Amino acid sequence: MLRGFYTAASGILTQERTLNVLTNNMANVNTPGFRASRVVTTTFEHEFLTRIEGENIGAIGKGAPIRMVSDVPVRFDPSMLEESGRPYDVALDGQGFFNIQATGENDNGQYLTRNGSFDINEQNQLVLPGVGLVLGRGGPITLETSDFTVEDDGSIYDGAGRYVDTLLVTLPPEDAQLEQVQNGLYRTENMDDNLEVGGETKRVQGWIERSNIDVNREYAMVMEAQRAFQACSTALKIIDDIDQKAATQIASL
């Protein structure tokens with residue numbers, strides 16, 4: 001019965017992690033540039049299964065009594081752009097990430113994001129609210145007024161036509177692994193290795209990129225995970241009841 005305990009318990013833990021990931025996806029359906037995550041599972045071990053019929057013993061395949069979460073990758077498939085009308089909003093039409101310099105008390109790291117819902121702070125610096133400063137090629141971008149223009153290549157000009165800076169949009173190398181820090185923010189082990197994206201990616205002012213969350217699909221997957229969680233919970237209770245009877249009723253015979 002120990003095998004049954006392990007199998008049911010691993011199912012509960014896996015489905016619990018799946019539910020956490022799926023509900024986080026749904027909570028960020030309106031977060032600009034957010035990318036959905038998926039739970040990938042793997043078997044803890046394989047074993048041969050055999051069938052015994054009288055004196056005949058034969059292998060019938062392989063089995064895996066325990067399943068566990070091996071990875072939670074992010075799906076970076078593209079999503080639609082939506083017009084916002086705000087001059088501070090910028091969407092990326094193509095590959096790449098904006099670069100953000102965190103300004104928290106205990107965090108001064110640099111992050112990547114597809115969220116271009118920017119704003120301006122009291123120092124007239126372009127910021128991603130709640131995270132930090134938007135970086136250009138020359139560092140944090142400073143704008144005197146909301147009267148500015150972002151060209152397709154990311155070049156920023158003020159109302160008088162003077163060049164201000166160029167939005168820094170980079171892409172990690174193919175062999176780099178993106179680490180998800182928090183919702184919509186990512187980083188690589190060595191941010192200096194990231195390559196600047198050229199004109200193949202357009203910067204679209206006054207637009208934001210929607211999340212790639214399909215609410216109907218996420219809801220269906222949540223229901224599926226809930227049913228699997230309930231089934232594993234029921235199986236665990238049944239196995240526990242059987243063990244209790246084995247320890248009391250059968251042992252008393």
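**Exercise 1. Determine whether Phe-76 is buried, partly exposed or exposed, and do likewise for Phe-97.**

Begin with the cut-offs: buried stands for under 20% relative accessible area, exposed for over 50%, and partly exposed for what lies in between, with a 1.4 Å probe and protein chains only. Phe-76 has a relative accessible area of 36%, so Phe-76 is partly exposed. Phe-97, at 6% relative accessibility, counts as buried. The model is a predicted one, in which local features need pLDDT of at least 70 and side-chain atom pairs count only at pLDDT 80 or more, while totals for chains, interfaces and linings use all residues. Residues are numbered from 1 along each chain as its sequence is written, and side-chain values use heavy atoms, with hydrogens and water left out.

**Exercise 2. Classify the aromatic pair formed by Phe-76 and Phe-97, and state which parts of the chain the pair ties together.**

Rings of Phe, Tyr and Trp (its six-membered ring) pair if their centres lie within 6.5 Å, and planes under 30 degrees apart count as stacked, over 60 as edge-to-face and the rest as tilted. By this rule there are six aromatic pairs. For Phe-76 and Phe-97 the values are 5.8 Å centre to centre and 90° between the planes, which is edge-to-face. Because Phe-76 lies in the loop between strand S4 (67-71) and strand S5 (81-83), and Phe-97 in strand S7 (residues 97-102), the pair ties together parts that are 21 residues apart in sequence; here strands (E, at least two residues) are DSSP runs, numbered from the N terminus. Phe-76 and Phe-97 also form one aromatic cluster with Tyr-186.

**Exercise 3. Repeat the analysis for Tyr-88 and Phe-148.**

With 5.8 Å centre to centre and 35° between the planes, Tyr-88 and Phe-148 form a tilted pair. Tyr-88 lies in the loop between S5 and strand S6 (90-93), whereas Phe-148 belongs to strand S13, so the pair ties together parts that are 60 residues apart in sequence. Both residues, Tyr-88 and Phe-148, are buried.

**Exercise 4. Place Phe-148 in its sheet: what is its bridge partner in S14, and which strands stand at the edges?**

Two strands pair if DSSP finds at least two bridges between them. S13 and strand S14 (residues 155-158) run antiparallel and are joined by three bridges, and Asp-158 in S14 is the bridge partner of Phe-148. The open sheet has three strands in the order S13-S14-S15, with antiparallel pairing. Strand S13 (148-150) and strand S15 (163-166) each have a single partner strand and stand at the edges, so one side of each is left without a neighbour in the sheet.

Conventions
Helix = DSSP H or I, 4+ residues; strand = E, 2+ residues; numbered from the N terminus.
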